[in-house]
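Hi everyone, thanks for coming. I'll take a few minutes to walk through one structure, so have it open in front of you.

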Amino acid sequence: MRTLTDADADRHAAEIDEQGYTIVADAFDATFAGEVLEALDAIIEARSLTPADNGFEGRDTYRVYNLLAHGEVFQRIPTAPAVLPVVERVLDRECLLSTLSSIDIRPGESAQPIHSDDQVIGLPRTGFPVVCNSMWAITDFTEANGATRLVPGSHRDPDYPVYGEAYDTIPAEMPVGSVLLWHGSLWHGGGANGSDGRRVGIADNYCAGMIRQQENQQLGVPREIAATFDKRLARLCGYGTYRGLIGHIDKTDPLRLLDRDDADDTMLWDAG
Ligand SMILES: O=C(O)CCC(=O)C(=O)O
């Protein structure tokens with residue numbers, strides 16, 4: 001996987017601030033994309049998954065959630081050196097992994113309603129980012145096959161989009177190996193797939209450390225699997241505190257639950 005220089009990470013974070021999104025090219029290679037695709041197809045087959053059949057998740061779209069529980073290939077994604085440094089600049093280093101899921105838009109799918117990822121949280125829209133999302137292109141993303149639709153600059157709009165309303169959008173076209181990152185207030189949605197191929201993306205979504213994660217990573221990922229994660233990934237899953245306070249367990253670091261010797265029990269109170 002590609003490692004961004006500090007200057008590149010700064011530039012991508014600045015683009016997110018200015019236009020609401022950025023695309024990191026060549027973040028990962030075709031071999032990795034192939035491994036992800038193979039693992040996803042194996043899960044879909046083993047669990048006989050079908051599309052969710054609702055207007056938001058789609059009626060011809062396969063989604064697999066809780067991917068950290070499904071193997072090492074997915075566990076490489078949240079800490080990727082081409083993505084996490086940008087997210088840390090938008091949120092901060094105490095950000096959390098909110099959800100890691102796949103979005104596999106099949107031919108015939110219609111466009112998803114335009115929304116913003118912080119909409120359900122419902123805070124006033126001040127422009128302060130509490131969510132930062134990324135979409136990994138596991139196949140090429142084209143306008144024809146359902147590339148994510150974006151409303152550039154809308155992260156600064158004082159209003160949430162009206163659900164079901166049509167807006168002027170642009171397609172985030174990008175070749176396999178690219179990652180689209182966006183500010184959680186940006187108006188966007190999955191595109192319609194009028195092609196004869198699938199559009200597969202991994203939604204690698206982060207939130208600020210004081211916000212509840214969309215997927216419950218501490219309860220959803222079995223403890224014995226979380227115990228194999230490196231410290232950064234464990235922290236992203238919520239095995240840690242925000243500002244030495246939020247998330248503590250009896251004044252100790254939740255990382256202790258993973259039986260590790262590198263926990264840090266220094267709490268906010270210890271500063272004074
Ligand atoms: O599939 C996409 O391109 C975007 C999906 C999305 O925004 C969502 O499901 O929340």
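I'll start at the ligand, then move on to the salt bridges, and finish with two other residues. Keep in mind that this is a predicted model.

Okay, the ligand. Which residues are around it? Going along the chain, we have Phe56, Arg63, Ile103, Gln112, His115, Asp117, Met135, Thr148, His188, Gly190 and Arg199. If you sort that shell by character, you get three nonpolar, five polar and three charged residues.

Now let's look at some polar contacts to the ligand. On glutamine 112, a polar side-chain atom sits 3.0 Å from a ligand oxygen. Histidine 188 has a side-chain N or O atom 2.9 Å from an oxygen of the ligand. And for arginine 199, the distance from a side-chain N or O atom to a ligand oxygen is 2.7 Å. As for how much of the ligand is covered, it has 300 Å² of accessible area on its own, and the protein covers 92% of that.

Let me stay with arginine 199 for a moment. You'll find it in strand S9, which runs over residues 199-207. Is arginine 199 buried or exposed? It's buried, and it has no salt bridge. The nearest side chain of opposite charge belongs to aspartate 104, and that is 7.5 Å away. For a salt bridge we'd want the side-chain nitrogen within 4 Å of a carboxyl oxygen, so that pair doesn't make the cut. What arginine 199 does have is a backbone neighbour: a polar atom of its side chain lies 3.4 Å from the backbone oxygen of isoleucine 103. And remember, Ile103 is itself one of the residues around the ligand.

That brings me to salt bridges. Side chains of opposite charge can pair when their charged atoms come close. How many salt bridges does a search of the whole structure find? The count is 19.

I'll pick out a few, beginning with aspartate 8. One of its partners is arginine 2, with the closest N and O atoms 3.4 Å apart. Aspartate 8 counts as partly exposed because its relative accessibility is 21%, and arginine 2, at 26%, is partly exposed as well.

Aspartate 8 also forms a salt bridge with arginine 11, and there the closest N and O atoms are 3.6 Å apart. Those two are three residues apart in helix H1, residues 6-19, so about one helical turn separates them. Arginine 11 is partly exposed too, at 39% relative accessibility. Follow the shared partners and you get one network that joins Arg2, Asp8, Arg11 and Glu15.

Another salt bridge links aspartate 53 and arginine 59, with 3.0 Å between the closest N and O atoms. Arginine 59 has a relative accessibility of 46%, so we call it partly exposed.

Two more residues before I stop. Glycine 20 is in the loop between H1 and strand S1, which is 21-24. Its relative accessible area is 0%, so glycine 20 is buried. How far is glycine 20 from arginine 2? They're 18 residues apart in sequence and 22 Å apart in space, C-alpha to C-alpha.

Then there's arginine 89, in helix H4, residues 84-90. With a relative accessible area of 33%, arginine 89 is partly exposed. Compare its position with histidine 155: the two are 66 residues apart in sequence, and their C-alphas are 16 Å apart in space.

That's my tour, thanks for listening.

Methods
Residues numbered from 1 in each chain as written. Predicted model: local features only at pLDDT ≥ 70, side-chain atom pairs only at ≥ 80, totals over all residues. Heavy atoms only, no water. Near = heavy atom within 4 Å. Polar contact = N/O pair within 3.5 Å; in protein donor to acceptor, adjacent residues only side chain to side chain. Areas by Shrake-Rupley, 256 points an atom, 1.4 Å probe, with all protein chains shown as cover. Nonpolar A, V, L, I, M, F, W, Y, C, P; charged D, E, K, R; others polar. Helix = DSSP H or I, 4+ residues; strand = E, 2+ residues; numbered from the N terminus. Buried < 20%, exposed > 50% of the residue type's maximum accessible area, 1.4 Å probe, protein only. Lys, Arg positive; Asp, Glu negative; His and termini not counted.
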